[in-house]
Amino acid sequence: MRWQGGQRGGGIEDRRGMGGGGMAIGGGGIGVLVLAAIGYFVFGIDPSTTQQVASQFGQASATQEGQQGTPEDQAGLFVDIVGRNINDVWATKLEGYRPPDNIVLYEQGTPTGCGYGQSAMGPFYCPADRQVYLDLSFWQEMETQLGASGADFARAYVLAHEIGHHVQTLTGASDQVRQAQARASSEAEGNRYSVALELQADCYAGVWAANAAAVSGGEVAVEQGDIEEGLRTASAIGDDTLQRRSGGQVSPESFTHGTSAERQQWLLRGYQSGDPAVCDTFRGL
């Protein structure tokens, strides 16, 4: 993936080095950390769901504000440039688009508008404060523990997926899903809406990839082999694959993100069309 020549300005707030990992049970704590790790890596539970549960046990009273601007390290610079490119794409695809307030880089844990965020939850978008939260160590965990790709595009796909959730907040899709889940007659029915929301975010990541070069004059662009690396990652984080990896039984009724095949299918569909209009994952629900 080509990205080093892209424009900076993805809206980074860097909280790395500020601590925040050792929190008491009352504010999230190690119990929530384990819960989130099991939820995300084994069952694919949306991290925001885990955070909402954690917040019922107490919110972190302290707030943190990191350094605004472009980080100087390579990983931070990557997030800044790619984040800017993703936002530039959506500015051409969604009328009135406004980027997330920040992409927050942190280590171990940090306060968020959705409760106390922990790195074991994986990257997540918080609609309450309209920020994306990312502990960069997740990328290594994704590669070494889940068998995903370590390629730049695979990492960009994760970021584009989370910003896709921001797009869903702006379009109202996220609110519609929450309302539908509140009306659902069973947990399995509610989970189908969650799957549709996640697959749409995958499709939106593909839409970004298809348009990245056009909005950057080719400075940020998908290169040969990148899509294959993205599909490998999509496969590694499918609900069925994660459940098999955990040694448990595959339970479709508990899926919240979609199967490996579905995640690959929607990422590829978004990429092949480049049009968010093809990302209607809710049809038929």
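# Why these terms fit a predicted model

Me: The second largest cavity has a volume of about 30 Å³; what makes it a cavity?

Reply: On a 1 Å grid over the protein atoms alone, a cavity is a set of points where a 1.4 Å probe fits but cannot get out, and its volume is the space filled by probe spheres set on the points, which are joined across faces, edges and corners. This is a predicted model, in which local features need pLDDT of at least 70 and side-chain atom pairs count only at pLDDT 80 or more, while totals for chains, interfaces and linings use all residues. Residues are numbered from 1 along each chain as its sequence is written, and side-chain values use heavy atoms, with hydrogens and water left out.

Me: Which residues line the second largest cavity?

Reply: Lining residues have an atom within 4 Å of a point, and here they are Pro 123, Val 132, Leu 134, Trp 139, Arg 155, Val 158, Leu 159 and Glu 162. Helix α5 gives the most, with four residues; helices (H or I, at least four residues) and strands (E, at least two) are DSSP runs, numbered from the N terminus.

Me: Why are β6 and β7 said to pair?

Reply: Two strands pair if DSSP finds at least two bridges between them, and β6 and β7 have three, in the antiparallel sense. Strand β3 also pairs with β7, in the parallel sense over four bridges.

Me: How do you know that Cys 114 and Cys 126 form a disulfide?

Reply: A disulfide is a pair of cysteine sulfur atoms within 2.5 Å, and the sulfur atoms of Cys 114 and Cys 126 are 2.1 Å apart, so the pair meets the rule. Cys 114 lies in the loop between β4 and β5 and Cys 126 in strand β6, so the link ties together parts that are twelve residues apart in sequence.

Me: Why is Cys 114 called buried?

Reply: Buried means under 20% relative accessible area, exposed over 50%, and partly exposed in between (1.4 Å probe, protein chains only). Cys 114 has 12% relative accessibility, so it counts as buried, and Cys 126, at 0%, counts as buried too.

Me: What makes the link of Cys 203 and Cys 279 a disulfide?

Reply: Their sulfur atoms are 2.0 Å apart, and the same limit for a disulfide applies. Cys 203 lies in helix α7 and Cys 279 in the segment after α10, so the pair ties together parts that are 76 residues apart in sequence.

Methods. On a 1 Å grid over the protein atoms alone, a cavity is a set of points where a 1.4 Å probe fits but cannot get out, and a pocket is an open set with protein on both sides within 12 Å along at least five of seven lines; lining residues have an atom within 4 Å of a point.
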